[in-house]
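User: I am new to this structure and would like to learn how to read its features. Could you please guide me through them?

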Amino acid sequence: MARIRPISFFLLTTLPLCAILPIPALCAEQSPWLEIHSPHYTVITDAGDRKGREVALRFEQMRAVFASLLMKERLNEPVPLTILAFKNDKTYYQSAPLRQGRPIAVPGFFVPGEDHNFIVLNLFEEESWRAVAHEFAHLLLNSNYPPVQGWFDEGFAEYFSSIRLDNKQFEIGGDPELQSALTDDARNSPKSLTELLGGQVWLALPDLLTMKHDTSSYSESTHNTLFYAQAWMTVHYLLHEKKLPETGTYFGLVENQHIPVEEAIQTAYGVTPAKFDQAVKDYFHSLKMLFAALDASRQPKSQMNTPQVYQFPELVGPADGVINSKSVSEPDARALTAEMKLRIPERREGAIQELQTLAEAPDPTAAQAVKEQARNKDKDEGEKQIGASAAAGNEIAHRALAWDHLQRGEFDGAAEELGNAAAINQRDMWIRYYLSVLKYRISLANHTDIQGLPNMLQDLRAVLEWYPEFADAYDLTAVARRVGGGPVAAMQAERAAMQLSPRNQRYVLHMAEIYIDDKKWPAARTLLEHLKSSSDPKVAAEALERMGQVANEQKYGVSAGTTPAKKLTTQSSPFDVLEEDAAKRAAAQTPQSATTADKRPAKFLQGRLVRVDCSQSPAAILTVASGGNVLKLRTPDYKSLLLIGADTFSCDWNDRSVSVNYKAGGLSDGDLVSVEVR
């Protein structure tokens, strides 16, 4: 099996202050909640430092196993993920989704979102992270691979969900749907995957491979079906026999060239569909461990601890990474929990009530933060600020309420809540992200240009510095640059969004719209043809509409039925306050000379990066040679420069192939728009 290099990091231990100084009053006020940070995940827990670190480690391990199985050196995670790990049943079941009026029985669940993903665990149960391994596999597949036939996604997710982890090894390959005779009545429980495949009838291979199965919404019913069983075993076979390269060839043939599956199997794997099908069946019958586990599950005292089919040394151990922890206030933990519950329809009403209570109640933590900011100011003025902040309530609660308003198109309410949140904590990047979303959605609803475009771009740059893989922030940047930066800059940002989230069809639609703006008709038509059959009805409908627009614009130079957008009367709202604050930030960071829009056309150049001069940091000058010409291209802040092909800018770059977009200043100099490093 392919191995990836273990992550190198050291565990840091953080003890609560009251453990060091056992002062009764101090210990009484100590919040039981902790925020645990590993290299890729954030865990919020009330189960203590040791269990919180274990949760973070297990998810780092699962991430490493995923990368190893699919031979992926680098993984994208384009949406921030927060893991809420509750120490007991009561808190967990008060937050869990309901089925027929009762909380779900499994000890973990996944709550997806375009902006924020949540995983919720019940740490009262052993190995609760295994309950979300299937959804976790889908999350990583959706973020790192283009769309493929449903059998592969479901087969891989089932294979992955059998994973067992400890500090020395991981085991995988068992039947993930196998239940102990102690947990269910054997006569009424659904059949395991092993039992289903043990029957005489399998799906015909072409039927399995062409069966429609949309995995984008994470909404699935039972996995105890022949489709899941056969998909699981097919992927089991492909992984063990190291046939992933051939599988990539197969998907290229059926997805891109639209070759019939029978012909694609013959070409990719070098065997007929019948022989491929028989090879999978023979492989299944060779896995004696599966049948031993099935027999053991039928025993009255079965404990379901039968070893998995395959065992491997652990890729990430307890001493292999930096895991930090810090205390979280009780109101913040309650607000984060309610923010997650907002996204579960049957829990929304209770979450709104909880958030409104937190938003209205004085927050001692916020008051303390303002007190520290006012330490060097006049005492009376500082006390006024403290009182105002305490009255404002919990910042996370305001932020979550703003998100809820956004989902319902209640823009004034969203602006007011974002203003309240910013008054408490201006450094929260979520506020700047949601402010950008708000501006965009107002423009869509009112059919007007985006207001405060320069400040929106500035906010999005800050968001991407905070979370460099945030695909939606790149998409919003592309939308803004369509208006204020030109098609080249918009393409660069949208391409970054698509690379980070290759299955997001909304990003593909936005790229097609950029191509239309730039009159790249064939490129736009290719994307729109693909989107016509999208599983998202809204995307499919918009793709059809845009295809008509392409035909009319290409023929007449204007879209049929185009009418000027109605200009709405400007009205004041709480949104204006946020705009004024953003304008002040922009004024403080923008040179006085930059008072007019830069109307110079963007130019494209491929060449060799000779050197980088960062002597006037954060400004940088890149010397690029191309065809006997040498250009000196400047960026006022290399931290904000749009990069393709690199995570961070390096002042040590030299002798590298690059593609640059820039605005010419003279014959041999200019201002950078973007850099692609190869």
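Analyst: Certainly. The model is predicted. A suitable starting point is a pair of strands: strand 8 and strand 9 (residues 169-172) run antiparallel and are joined by two bridges.

User: Which residue of strand 9 is the bridge partner of arginine 164?

Analyst: The general idea is that strands of a sheet pair through backbone hydrogen bonds, in either a parallel or an antiparallel manner. In this case, arginine 164 has glutamate 171 of strand 9 as its bridge partner.

User: In what order do the strands of this open sheet lie?

Analyst: The order is 8-9-10, with three strands forming the open sheet and antiparallel pairing. Strand 8 (164-165) and strand 10 (310-313) are the edge strands, each of which pairs on one side only.

User: How should I read the directions in which the side chains of a strand point?

Analyst: In a regular strand, side chains alternate between the two faces of the sheet. Strand 6 (residues 108-111) offers a case: Gly108 and Phe110 point one way, whereas Phe109 and Val111 point the other way.

User: Are these residues of strand 6 buried or exposed?

Analyst: All four named residues, Gly108, Phe109, Phe110 and Val111, are buried, where buried means under 20% relative accessible area.

User: What joins strand 6 to strand 7?

Analyst: A hairpin of five residues makes this connection. Strand 6 pairs with strand 7 (residues 117-122) in the antiparallel sense over four bridges. Within strand 7, phenylalanine 118 stands opposite valine 111.

User: How many bridges does strand 12 form with strand 13, and how many with strand 16?

Analyst: Strand 12 pairs with strand 13 (residues 620-626) over five bridges, in the antiparallel sense. Eight bridges join strand 12 (residues 602-613) to strand 16, and these two strands also run antiparallel. Towards strand 13, arginine 608 stands opposite alanine 625; towards strand 16, glutamine 606 has serine 659 as its bridge partner. A hairpin through six residues links strand 12 to strand 13.

User: How does the reach of helix 23 compare with the expected span?

Analyst: Helix 23 (residues 487-500) has 14 residues and reaches 20 Å from its first C-alpha to its last, which is close to the 20 Å expected at 1.5 Å a residue.

User: Which residues of helix 23 are buried, and which elements do they pack against?

Analyst: The buried residues include Ala489, Met491, Gln492, Glu494 and Leu500. The buried residues of helix 23 pack against several elements, among them helix 5 (133-144), helix 22 (471-484), helix 24 (505-517) and strand 16 (656-664). Strand 16 thus appears twice in this discussion: it packs with helix 23 and is bridged to strand 12.

Technical notes: Residues numbered from 1 in each chain as written. Predicted model: local features only at pLDDT ≥ 70, side-chain atom pairs only at ≥ 80, totals over all residues. Heavy atoms only, no water. Expected span 1.5 Å × (residues − 1). Buried < 20%, exposed > 50% of the residue type's maximum accessible area, 1.4 Å probe, protein only. Contact = heavy atoms within 4.5 Å. Pairing = 2+ DSSP bridges.
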